[in-house]
Amino acid sequence: MKDAWTSGNRVRLLENGEAYFPRVFDAIRAARFQVLIETFILYEDKVGLELKKVLIEAARRGVSVVVSVDGWGSPPEKLSEQYIRELAEAGVKLQVHGEPGWLGKRLGVVRRLNVFHLLHRKMVVIDGRIGFIGGINFSADHLADFGPESKQDYAVELQGPIVDEMHAFLERTMLAPAGLRARWLRRRAPAVVRNPSPPAGTVQALLTWRDNRRHRNDIERHYRLAIRTAREEVTIANAYFFPSYTLLRELRRAARRGVRVSLILQGQPDMAIVPVAARLLYHYLIRDGVTIYEYCRRPLHAKVALVDDVWATVGSSNLDPFSLSLQLEANVVLRDAAFNRELRARLNALVAQHCVAVDPKDLPPDNWWRGVVSVVVFHVLRHFPWWLQNLPIHRHPGLSVPAPPEQVELVRSRHE
């Protein structure tokens, strides 16, 4: 597990697209030499069109622009060939992760990677000096005017040495050549000397990620360690909550020793299965003193947590089998009392205005039969990602691509 903390950082909490998109777009407009973006979803709606505009402007003034999207999260009906062509013709390099169901097939790629190994990270680094990370995609459903299906979510803007970590990470995952020979050549190449980012604040920060190689459990382990050391409070707001038994055990133990443990989960879900799975755990948690709130105003898409005034995390990782066992995720972990106070205030306002506390009296009776069903379903849901990893690779016919092929490519994350 990576635990190299950096000091001297500045962090700004960004709630929903209204706060996030203007900050990202302004930073891209001010970019001087490089823009790196990883996102699960990019749609050709008003947000995607504005992103295209600022990226094209940056590329035309000589900025290197590379965008990686997930082929499953950004399906063909959400991005037109004209949209792709305009980016490519301006010099924007568009990469599609894993799923050649649309661009990949047009590039003649016949192999499809395991569809469940999704690029779920949401990261932006500009000029190696300013970074963004969180759960917000580039789509209009992160804006309130989208309607009742708009998402409630969070991200952070970062400056300082932690951005050097984010920059190096994205260069490895997005820009470095893949393959055994490429890795051998990189090891023999001299180290690139960079000017480190100067201190920008007082926040300690750590970049942590989940991949399918050496960092399979890092994000979950940071959660467990923080909960284990909690003294007063644990608050988790997470869209898809069905974690491992060990994480559930840490939550119960914290509640039993007097820690105030609060979970903010979906009450107005974007997928019907979400509350069904989470509610299987309600009896198990509530009987040990965990308080559960369901956010009922609109779909909750948050992936944030805080412990006392000493630990917080914001990122892309849900606490479910997909995020914890299959998908490529990234979170930033923060140590800063002021940030925790602000995040706590935002979450408390969410609870007070738009959440309903789960009353154990309203839950179905906790009889032996329900207990058996819950245990069986729990273990099936927890272990099915391992089964999915062993699915065979499917094959598809290749198609032509309208954009210059050197500008659009299928990639497999170097950290997959």
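**Overall build and helix packing of the predicted chain**

Of the 416 residues in the chain, 58% are buried (buried meaning under 20% relative accessible area, exposed over 50%, and partly exposed in between, with a 1.4 Å probe and protein chains only). The model is a predicted one, in which local features need pLDDT of at least 70 and side-chain atom pairs count only at pLDDT 80 or more, while totals for chains, interfaces and linings use all residues. Residues are numbered from 1 along each chain as its sequence is written, and side-chain values use heavy atoms, with hydrogens and water left out.

The secondary structure comprises 13 helices and 16 strands; these are DSSP runs numbered from the N terminus, with helices (H or I) of at least four residues and strands (E) of at least two. About 18,000 Å² of the chain is exposed, and 54% of that area is supplied by carbon and sulfur atoms (areas from the Shrake-Rupley method with a 1.4 Å probe). Among the contacts in the chain with a separation of 6 or more, 84% are between residues 24 or more positions apart, a contact being heavy atoms within 4.5 Å.

Three helix pairs help a newcomer to find the way around. Two packed helices are described by the angle between their axes and the distance between the axes. Here the axes are lines fitted to C-alpha atoms, for helices over the stretch in contact, and angles run from 0 to 180 degrees between N-to-C directions.

The tour can start with α1 and α2, whose axes come within 9 Å and cross at roughly 15°. The two helices are therefore roughly parallel to each other (angles under 35 degrees count as roughly parallel, over 145 as roughly antiparallel, 65 to 115 as roughly perpendicular and the rest as oblique). The crossing of α1 past α2 is left-handed, a term used if the near helix is turned anticlockwise from the far one by less than a right angle, with clockwise giving a right-handed crossing. On the α1 side, Phe21, Phe25, Ile28 and Arg29 take part, and they meet Val47, Glu50, Leu51, Val54, Leu55 and Ala58 of α2. By class, this contact has eight nonpolar, no polar and two charged residues. In this scheme Ala, Val, Leu, Ile, Met, Phe, Trp, Tyr, Cys and Pro are nonpolar, Asp, Glu, Lys and Arg are charged, and the others, Gly among them, are polar.

Helix α2 (residues 46-60) also packs with helix α3 (residues 81-90), their axes coming within 9 Å and crossing at roughly 20°. That makes α2 roughly parallel to α3, and their crossing is left-handed. From α2, Gly48, Leu49, Lys52, Leu55, Ile56, Ala59 and Arg60 meet Tyr83, Glu86, Leu87 and Ala90 of α3. Seven nonpolar, one polar and three charged residues form this contact.

Further along the chain, helix α7 (residues 218-228) packs with helix α8 (residues 245-256) at an angle of about 15°, with the axes 9 Å apart. This pair is therefore roughly parallel, and α7 passes α8 in a left-handed crossing. The partners in α7 are Glu220, Tyr223, Arg224, Ile227 and Arg228, which meet Thr246, Leu247, Glu250, Leu251 and Ala254 in α8. Their residues divide into five nonpolar, one polar and four charged. Eight of the 11 residues of α7 are buried, so this helix is largely enclosed by the rest of the structure. Among those buried are His222, Tyr223 and Ala226.

Tyr223 and Ile219 also appear in the surroundings of Asn331, a residue of strand β14 (residues 329-335). Asn331 is buried, with a relative accessible area of 0%. Leaving aside neighbours within four places in sequence, its contacts include Ile133, Leu206, Lys303 and Thr313. Asn331 and Val304 are 27 residues apart in sequence, and their C-alpha atoms are 9.1 Å apart in space. Phe322, in helix α11 (residues 321-325), is partly exposed, with a relative accessible area of 25%. Its C-alpha atom is separated by 9.9 Å from that of Pro243, 79 residues away along the chain.

Two residues deserve a look for their backbone. Most residues other than glycine have a negative phi. Asn16, in helix α1 (residues 16-29), has a positive phi of about 70° although it is not a glycine, and Asn16 counts as buried at 7% relative accessibility. Asp308 lies in the loop between β12 (303-307) and β13 (311-315). The phi of Asp308 is also positive, at about 50°, and this residue is buried at 11% relative accessibility.
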